[in-house]
Amino acid sequence: MVEVLLVVGVLVAMFVGYNIGGSTTGPAFGPAVGAGAISKTGAAGLMSIFFFVGAWTIGRNVVETLGSDLVTRAGVFTLETSIGVLFFIGLALFVGNVFGVPASTSMTAVGAIAGLGVATGSLNLEVMGAIAIWWIVAPVIGFWVSLIIGRYFYARINEAIAMDRSSGPLVELDRSGVVPVPRPHETTNRRELFGVVTVIAIGCLMAFSSGTSNIANAVAPLVGSDSLEMNRAIILGGVAVAIGTFTIARRTLETMGSDITELPLTAAIVVASVSSALVVFLSVIGIPASFVVIATVSIIGLGWGRATRPVTLPEAVSGDETPPVSVDALAEDEPGQELPDIGEEKAAVPSAADLFDPATTARVVLLQNVVPVIATIGAYLTFEFVPVFGI
């Protein structure tokens, strides 16, 4: 019987990992694929490798937090409860996918485990409080860092890395020697090569940060119940994620994965860098982080900072000048144009309604909060009232 339950637990964990691979590959490598810098197969391969590296090195810290620290009572995590927790993680994420909303796997996983903890009186309030505080603080940091970049540095960054892809291939094999050596194609210029390398490197960074945080969402319950050893669980989760990257992720790559990749390429790189750095930092200290939430707030901060360039700091503080803010402002900078000083720029910034459809925005924000609530309440009611899970 135990062997059957373990097989079920492994399959459910792999299903969660499969969905993680499918949903996170698009945001990580969407800009690179959209810019023609890498193929979908190449993106899937890099996503699989760097996700596993992040999971193996730093991700075990988050596995330890969710699998051992979030619940205090020994014996709460059994094989049965692990399957129940993973079921509600998968179910809640499925609801988000049905409505086309990229929900936070970390918030959903924490919610399901917290539901188990409340039902059994074993929730570690200190750990839960630390996680909740960082969930508030990290997006605020992302907003302000992105705002400063948008106001003072974005145009310069755009000037340095913006690129247009040439019609020919990026590289070709030089077969003149004994060993073929890849070299830039004759149609490839240095600016284009630098831009391509940059956007691929950012994708690898995002894949690494995803591994540091998201591996726990698939395997922490099984590790916490001692049903699987840590290293084997990480390998299992990495394989499941890789399967997702090579299969269902192809669809998310076609549509660029998420709203972040609809931004100009420079903006996507800035947001990805800020968000990934924060996620990796939180993973190092064992905090499961929501890349979706941090990235969304960073987009707003970047657009806000860019849109306020026509206003001096004293005017912004006093409220004498308040330009309408929209992330569309990020598309105004064109490489080669001389950038006016702050306060002297005359930017025709469109209204926020040109970027954010109110109904769609409300649906996304609502469901991003509802999905973790579904996992939390579902887990609590099940572990509280279903006798088979009595502990």
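**View 1. The lining of the largest cavity in the predicted model.** The largest cavity is lined by Ala28, Phe29, Pro31, Ala32, Val199, Ile202, Gly203, Met206, Ala268, Ile269 and Ala272, where a cavity is a set of points on a 1 Å grid over the protein atoms alone at which a 1.4 Å probe fits but cannot get out, and a lining residue has an atom within 4 Å of a point. Helix 1 (2-34), helix 6 (190-224) and helix 9 each contribute at least two residues to this lining; helices (H or I, at least four residues) and strands (E, at least two) are DSSP runs numbered from the N terminus. The volume of the largest cavity is about 40 Å³, taken as the space filled by probe spheres set on points that are joined across faces, edges and corners. With a threshold of 30 Å³ or more, the count of cavities is one. Sorted by class, the lining comprises ten nonpolar residues, one polar residue and no charged residues, with Ala, Val, Leu, Ile, Met, Phe, Trp, Tyr, Cys and Pro counted as nonpolar, Asp, Glu, Lys and Arg as charged, and the others, Gly among them, as polar.

Residues are numbered from 1 along each chain as its sequence is written, and since the model is predicted, local features need pLDDT of at least 70 and side-chain atom pairs count only at pLDDT 80 or more, while totals for chains, interfaces and linings use all residues. Side-chain values use heavy atoms, with hydrogens and water left out.

**View 2. Serine 275 and its contacts.** Serine 275 belongs to helix 9, which spans residues 265-284. Because its relative accessibility is 0%, serine 275 is classed as buried; buried means under 20% relative accessible area, exposed over 50%, and partly exposed in between, with a 1.4 Å probe and protein chains only. Leaving aside residues up to four places away in sequence, serine 275 touches Phe291, Ile294, Ala295 and Ser298, a contact being heavy atoms within 4.5 Å.

**View 3. Isoleucine 215 in helix 6.** Isoleucine 215 has 1% relative accessibility and therefore counts as buried. Apart from residues up to four places away in sequence, isoleucine 215 touches Phe51, Ala55, Gly59, Val63, Ser210, Ile234, Gly237 and Gly238. One of these partners, glycine 237, is 22 residues apart from isoleucine 215 in sequence, and the two C-alpha atoms are 6.4 Å apart in space.

**View 4. Phenylalanine 77 in the loop between helix 2 and helix 3.** This loop connects helix 2 (40-69) with helix 3 (79-98), and phenylalanine 77, at 7% relative accessibility, is buried there. When residues up to four places away in sequence are not counted, phenylalanine 77 touches Leu66, Gly67, Val71, Ser82, Val85, Ile113, Leu116, Pro221, Gly224 and Ser225. Phenylalanine 77 and valine 223 are 146 residues apart in sequence, with 8.9 Å between their C-alpha atoms.

**View 5. Aspartate 226 in the loop between helix 6 and helix 7.** Helix 7 covers residues 230-246. Although aspartate 226 is not a glycine, its phi is positive, at about 60°. Aspartate 226 counts as exposed because its relative accessibility is 71%.

**View 6. Glycine 378 and phenylalanine 88.** Glycine 378 is part of helix 12, residues 358-385, and is buried at 15% relative accessibility. Along the chain, glycine 378 and phenylalanine 88 are 290 residues apart, whereas in space their C-alpha atoms are separated by 6.7 Å.

**View 7. Stretches within the annotated transmembrane regions.** In the unreviewed UniProt entry, the annotation "transmembrane region" covers residues 44-63, 75-99, 132-154, 193-210, 230-249 and 287-305; such annotations may be inferred rather than shown by experiment, and their positions follow the numbering used here, with feature names shortened. Across residues 44-63 the chain is 100% helix and 0% strand, with the end C-alpha atoms 24 Å apart. Across residues 230-249 the chain is 90% helix and 0% strand, and here the end C-alpha atoms are 26 Å apart.

**View 8. Stretches with pLDDT below 50, set against the whole chain.** The chain has a mean pLDDT of 79, and 76% of its residues reach 70 or more, pLDDT being the predictor's confidence in each residue from 0 to 100. Residues 256-261 have pLDDT below 50, and this stretch makes 21 contacts in the model beyond near neighbours in sequence. The pLDDT is also below 50 over residues 347-357, a stretch with 24 contacts beyond near neighbours in sequence. Taken as a whole, the chain has twelve helices and two strands, and buried residues make up 51% of its 391 residues.

Terms used
On a 1 Å grid over the protein atoms alone, a cavity is a set of points where a 1.4 Å probe fits but cannot get out, and a pocket is an open set with protein on both sides within 12 Å along at least five of seven lines; lining residues have an atom within 4 Å of a point.
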